[in-house]
Number of protein chains: 2
Amino acid sequence: MAKIKSKTNGTKKEVIVDAATRLFREKGFKAASMRDLAEAVGVEAASLYNHIQSKEELLQEICFKVANAFNQKCDEIEASGIANIRKVEAILRFHIQQMFNHYEMVIVADREWRHLSDPYLSNYHNQRRAYRKRIAGIIEEGIANKEIKDVDAPTVVLIMLHAVNGIESWHRSKEKISPKQLEENMVLIMIEGLKA
Amino acid sequence: MAKIKSKTNGTKKEVIVDAATRLFREKGFKAASMRDLAEAVGVEAASLYNHIQSKEELLQEICFKVANAFNQKCDEIEASGIANIRKVEAILRFHIQQMFNHYEMVIVADREWRHLSDPYLSNYHNQRRAYRKRIAGIIEEGIANKEIKDVDAPTVVLIMLHAVNGIESWHRSKEKISPKQLEENMVLIMIEGLKA
DNA sequence: AATATACAAACGAACAGCTGTTAGTTGCAT
DNA sequence: ATGCAACTAACAGCTGTTCGTTTGTATATT
């Protein structure tokens, strides 16, 4: 039985991915060096390669973990029988909650995925496009059902998905309103404005 | 000898800044090398330094050009005597239009300003914070006047300023609605939802 | 209980390539 | 002939990564 586990919980690789997430978020993928990462983990740069294959693998892990979370939640919401406007609201709320609980991961995926290389790059890119089309589809159904105002669905998707990125600033601001208040405000502004 | 061709009324430095803007947008500041930039301009890397002082100077130029444009427009709007909700709408419309006409510049400034170094970094950072507070102030006045719904003003600012970044995706999408349509949709969704 | 074995995981040194930038030189238009 | 703007060559430092080796420790054998 090999002891691969680190002190508290999770494999050493997970520790490395966590540190990479923090580092990529604050310096950007290109500007964060493996030596920086090694220092953050408390180890020499060469030692990292006992646990990972490459720097890019770290970015892959981050990007697809985020993508999977959103796709999975979207499956769940789409399967539920609730009204389309409610589905849109649920998706928005999930994005907001992810930005509270795992914002470094989400931000890194959103900002640095372009640095993936090609089997992964186009995979991620396709998933991203498909995800947006999916949400646009829900909105268009809602418009057809007259639950939702007659607006351009892809535009609503753009607004929603980018608006939640603003929560990054909230994390660093001093006078924070509570997460719940922020969520309710966002939903109020973005969903109430949509209702027919 | 290859020579930098200057447009009818633009210095060679402006040609370089324009190419840098394009390059920084598509590869990111760190990933874009001076040799990449030189190739885009049609010149050897060393030759660039006859016109600029450093790579960072290019980023400074981009960031502060964008910041100045927004600050200036905000002065103008604030000075006009229109209702607060109208001011917010005017600011939103200006952001949208800037994202249509100069989106590479705006995106680079928004995404890469962290790579500035310190006199410029904190200057930019302060301007950014001040700008957001300014808009939040207008919104709060509007709430006090009962023109605007009782929402958290900083949250509205976050949503608005980040939502317009979605226009970057519009630039690369195939089935584009017209700029005017997009603008009207955005205003409809984001401003109508605010009105008291 | 002491020893041997096995193997994960750390290390220092080195690599080849790229980074921004400088120096010195040369060509071209005025 | 003066000077701007291009060139080539080179720099010192950093990049991700590989190599061979050593260390620590959990298990198996004695």
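**Chain B against chain A, and DNA strand C**

Me: How many salt bridges turn up across the interface of chain B and chain A?
Reply: Zero, in this predicted model. No Lys or Arg side-chain nitrogen there gets counted within 4 Å of a carboxyl oxygen of Asp or Glu.

Me: So what polar contact does the rule find across that interface?
Reply: Four residue pairs in polar contact, both partners at pLDDT 80 or more.

Me: Which elements of chain B supply the side that touches chain A?
Reply: α7 (118-144), α8 (153-163), α9 (167-172) and α10 (179-192) of chain B each bring at least two residues. The largest share, seven residues, is from α10(B). By class, that side of chain B splits into 15 nonpolar, eight polar and twelve charged residues.

Me: What area is buried between chain B and chain A?
Reply: About 2700 Å², with carbon and sulfur atoms giving 65% of it. On the chain B side, B:Arg114, B:Ile159 and B:Ile189 lose the most area to chain A, together 22% of what that side buries.

Me: Over to the DNA: what makes the B:Lys55 approach to DNA strand C a polar contact?
Reply: A backbone N or O atom of B:Lys55 sits 2.8 Å from a phosphate oxygen of the strand. The cut-off is 3.5 Å, so this pair counts.

Me: Why does B:Ala32 count too?
Reply: Because a polar backbone atom of B:Ala32 is 3.4 Å from a phosphate oxygen of DNA strand C, and the limit is 3.5 Å.

Me: Which part of DNA strand C does A:Arg35 meet?
Reply: A base nitrogen, 3.4 Å from a polar side-chain atom of A:Arg35.

Definitions and conventions
Residues are numbered from 1 along each chain as its sequence is written. Chains are lettered from A and ligands numbered from 1 in the order in which they are written. This is a predicted model: local features need pLDDT of at least 70, side-chain atom pairs count only at pLDDT 80 or more; totals for chains, interfaces and linings use all residues. Side-chain values use heavy atoms; hydrogens and water are left out. Buried area is the accessible area (1.4 Å probe) that two parts lose on being put together, summed over both. A polar contact is a pair of N or O atoms within 3.5 Å; within protein, one must be able to donate a hydrogen and the other to accept it, and residues adjacent in sequence count only if both atoms are side-chain atoms. Helices (H or I, at least four residues) and strands (E, at least two) are DSSP runs, numbered from the N terminus. Ala, Val, Leu, Ile, Met, Phe, Trp, Tyr, Cys and Pro count as nonpolar, Asp, Glu, Lys and Arg as charged, and the others, Gly among them, as polar.
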